Amino acid sequence: MVQTNQRAVVTVSPSQPGDPALWPDSTIINSYANSDNLTTMEAYNVDQVALFHTTPLSNNLLYKISWTLTPDVHTVERMLLPGHPKSLIELADTASKALDPWFSGRIAPHQYSYPVLANIVIIDHFETSDIAQVVLRGL
């Protein structure tokens, strides 16, 4: 990634109060669709990107979108049925495959200013996604 001038930052919440963190929790405006349904997540993130570009934010806040499908107990039950993802990785790959078409069809036409998606974009199964290319197209 360094050779192509791309970076990924991985952060985790402190395990104990007082443990050091890269950013305090109050720094990132954190939201996610909380759905295992691709259409629901896509619509939610269209709204989040629009909100990011229309809501004045303090200079010390970072805005994040999550390109993640969130499983629940029904998701796991459906994994036993034909035609459904068989693992959480397959669920993540479902979202990953939809990112580029979603960006091209629903976000890019708005010609938002940089950063197009948000300050931070979260995606599962990063290593098989095209998130870096999509973010770079938004520059």
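Which residues is Ser66 in contact with, leaving aside its neighbours within four places in sequence? In this predicted model, the list runs to Ser31, Tyr32, Met41, Asn45 and Ile122. Ser66 itself belongs to strand β2, and with a relative accessible area of 4% it counts as buried, the cut-off being 20%. That fits the strand as a whole: five of the six residues of β2 are buried, so the strand is largely enclosed by the rest of the structure.

What does the enclosing? Start with the sheet. Three strands make up an open sheet in the order β1-β2-β3, and the pairing is parallel. The edges are taken by β1 (28–29) and β3 (120–123); each has a single partner strand, so one side of each goes without a neighbour in the sheet. As for the other elements, α3 packs on this sheet and touches β2 and β3, its direction making about 120° with that of β2. In general, the strands of a sheet are held in pairs by backbone hydrogen bonds, and the pairing can be parallel or antiparallel. Here, β1 and β2 are joined by two bridges in the parallel sense. Ile28 sits opposite Leu62 of β2, and Ile29 sits opposite Tyr63, also in β2. On the other flank, β2 and β3 run parallel and are linked by four bridges; Trp67 has Ile123 of β3 as its bridge partner.

Trp67 and Ile123 turn up again when the view shifts to helix α3 (residues 88–107), where Ser96 is found. Setting aside neighbours within four places in sequence, Ser96 contacts both of them, along with Asp124, Ser129 and Asp130. Ser96 is another buried serine, at 5% relative accessible area.

Helix α1 is the next piece of the packing. Its 17 residues (38–54) should span 24 Å at 1.5 Å a residue, and the end C-alpha atoms are indeed 24 Å apart, so the expected and modelled spans agree. Buried positions along α1 are Met41, Glu42, Asn45, Val46, Gln48, Val49 and Phe52. They cover an arc of only 165° around the axis, which means that they lie on the same side of the helix. That buried side packs against β2 (62–67) and α3. Met41 and Asn45, both on the buried list, are also among the contacts of Ser66, which gives the packing of α1 on β2 some residue-level detail. The face turned the other way carries Thr39, Asp47 and Thr54, which are exposed. Thr39 has a part to play at the start of α1 too: a side-chain oxygen of Asn37 comes to within 3.0 Å of its backbone nitrogen.

Last comes the loop between α2 (73–78) and α3, which holds Met79. A loop position can be buried or exposed; which is it for Met79? At 12% relative accessible area, Met79 is buried, because that value falls under the 20% cut-off. Apart from neighbours within four places in sequence, Met79 is in contact with Pro85, Lys86, Ser87 and Leu88. Of these, Leu88 is numbered within α3 (residues 88–107). Met79 can also be placed relative to Leu91: the two are twelve residues apart in sequence, and their C-alpha atoms are 9.5 Å apart in space.

Note on methods: Residues numbered from 1 in each chain as written. Predicted model: local features only at pLDDT ≥ 70, side-chain atom pairs only at ≥ 80, totals over all residues. Heavy atoms only, no water. Buried < 20%, exposed > 50% of the residue type's maximum accessible area, 1.4 Å probe, protein only. Contact = heavy atoms within 4.5 Å. Expected span 1.5 Å × (residues − 1). Arc of directions from axis to C-beta. Polar contact = N/O pair within 3.5 Å; in protein donor to acceptor, adjacent residues only side chain to side chain. Pairing = 2+ DSSP bridges. Axes fitted to C-alpha atoms, helices over the stretch in contact; angles between N-to-C directions.
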